[in-house]
Amino acid sequence: PEKIEAHQEPERVDFVFLNDPHAFSHSNPLEGLSEGGALFIQGGEETVRGFFHELEPTFKSKIKDLQLTLYYLDANKIATEKSTNPDLLQRMQGIVLLGVFLKLTPFAHARKLDTESLMTAVRVVLQKYFGKRGEKIIDENLECVRRGYEEIREVPKEWT
């Protein structure tokens, strides 16, 4: 709850967003991820299932050893379905991930916000940033946040 004033990379984290599952081929996205932490992978069910099927055994072992909880969602698909403005497609993917973030972190719980109260608060922020683009853009963005929040899926343990 306190403001983070540091300007360096954290050494340990509890949660990692992985937009590119191919990052495992050239780096270790699990480095610094705390035991019992969470890993989010961008992609649909078939993509993510295939990714884990092809994942090197050392990473599968590390996931198991760290007792990570894994999640996935196709933010690109949701953004494509909701955005009526192609120029905003990439930004909308990020807005979907805001919903994922709000679901997987203790933010709403710590503030005792139910889903509707949370979405009302998100709408206020969206209004601030996108108000000049009109209500339709705000509504599309809010729907992306909501879908990210509601549609995120946990990766079945047998995939890993």
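This briefing covers the nonpolar cores, two helix pairs and a few single residues of the structure above. The model is predicted. Its largest nonpolar core has 28 residues, and a second, separate core has 20. Helix H6 meets helix H7 in a right-handed crossing, and the crossing of H3 and H4 is also right-handed.

**Nonpolar cores**

- Within the largest nonpolar core of 28 residues, the members that touch the most other members are Phe40 and Leu126.
- Two strands, E2 (33-42) and E3 (69-73), are among the elements that each give two or more residues to this core.
- Helices H3 (75-82), H4 (89-104), H6 (115-130) and H7 (135-151) also give two or more residues each.
- Leaving aside residues up to four places away in sequence, Phe40 touches Phe15, Val16, Phe17 and Leu18, and further along the chain Tyr71, Tyr72, Leu73, Leu97, Val100 and Ile152.
- The second core is separate from the largest one and has 20 residues, including Leu18, Phe24, Val48 and Leu66.

**Helices H6 and H7**

- The axes of H6 and H7 come within 9 Å, and they cross at roughly 140°.
- Angles over 145 degrees would count as roughly antiparallel, so H6 and H7 are classed as oblique to each other.
- H6 passes H7 in a right-handed crossing.
- On the H6 side, the contact is made by Thr115, Glu116, Leu118, Met119, Val122, Arg123, Leu126, Gln127 and Phe130.
- On the H7 side, the contact is made by Glu135, Ile137, Ile138, Asp139, Asn141, Leu142, Val145, Arg146, Tyr149 and Glu150.
- Sorted by class, the residues of this contact are 10 nonpolar, 3 polar and 6 charged.
- Leu126 has two roles here: it is listed in the contact of H6 with H7, and it is one of the two residues that touch the most other members of the largest core.

**Arg146**

- Arg146 is a residue of helix H7 and takes part in the contact with H6.
- Arg146 counts as buried because its relative accessibility is 17%, and the cut-off for buried is under 20%.
- Not counting residues up to four places away in sequence, Arg146 touches Thr115, Glu116 and Met119.
- Thr115, Glu116 and Met119 are listed on the H6 side of the contact with H7.

**Helices H3 and H4**

- The axes of H3 and H4 come within 8 Å and cross at roughly 120°.
- This angle makes H3 oblique to H4.
- The crossing of H3 and H4 is right-handed.
- From H3, the residues in the contact are Ala75, Asn76, Ile78, Ala79, Thr80 and Lys82.
- From H4, they are Leu89, Met92, Gln93, Val96 and Leu97.
- The contact of H3 with H4 has 7 nonpolar residues, 3 polar and 1 charged.
- Gly94 is in helix H4, and its C-alpha atom is separated by 7.8 Å from that of Ala75, 19 residues apart along the chain.
- Gly94 counts as partly exposed because its relative accessibility is 37%.

**Residues with positive phi**

- Most residues other than glycine have a negative phi.
- Gln67 is not a glycine, yet its phi is positive, at about 55°.
- Gln67 is in the loop between helix H2 (57-66) and E3, and at 55% relative accessibility it counts as exposed.
- Lys112, also a residue other than glycine, has a positive phi near 55°.
- Lys112 is in the loop between helix H5 (107-110) and H6, and it is exposed, with a relative accessible area of 74%.

Conventions: Residues are numbered from 1 along each chain as its sequence is written. This is a predicted model: local features need pLDDT of at least 70, side-chain atom pairs count only at pLDDT 80 or more; totals for chains, interfaces and linings use all residues. Side-chain values use heavy atoms; hydrogens and water are left out. A nonpolar core is a set of buried Ala, Val, Leu, Ile, Met, Phe, Trp, Tyr and Cys residues joined through side-chain atoms within 4.5 Å. Buried means under 20% relative accessible area, exposed over 50%, partly exposed in between (1.4 Å probe, protein chains only). Helices (H or I, at least four residues) and strands (E, at least two) are DSSP runs, numbered from the N terminus. Contact means heavy atoms within 4.5 Å. Axes are lines fitted to C-alpha atoms, for helices over the stretch in contact, and angles run from 0 to 180 degrees between N-to-C directions. Angles under 35 degrees count as roughly parallel, over 145 as roughly antiparallel, 65 to 115 as roughly perpendicular and the rest as oblique. A crossing is left-handed if the near helix is turned anticlockwise from the far one by less than a right angle, and right-handed if clockwise. Ala, Val, Leu, Ile, Met, Phe, Trp, Tyr, Cys and Pro count as nonpolar, Asp, Glu, Lys and Arg as charged, and the others, Gly among them, as polar.
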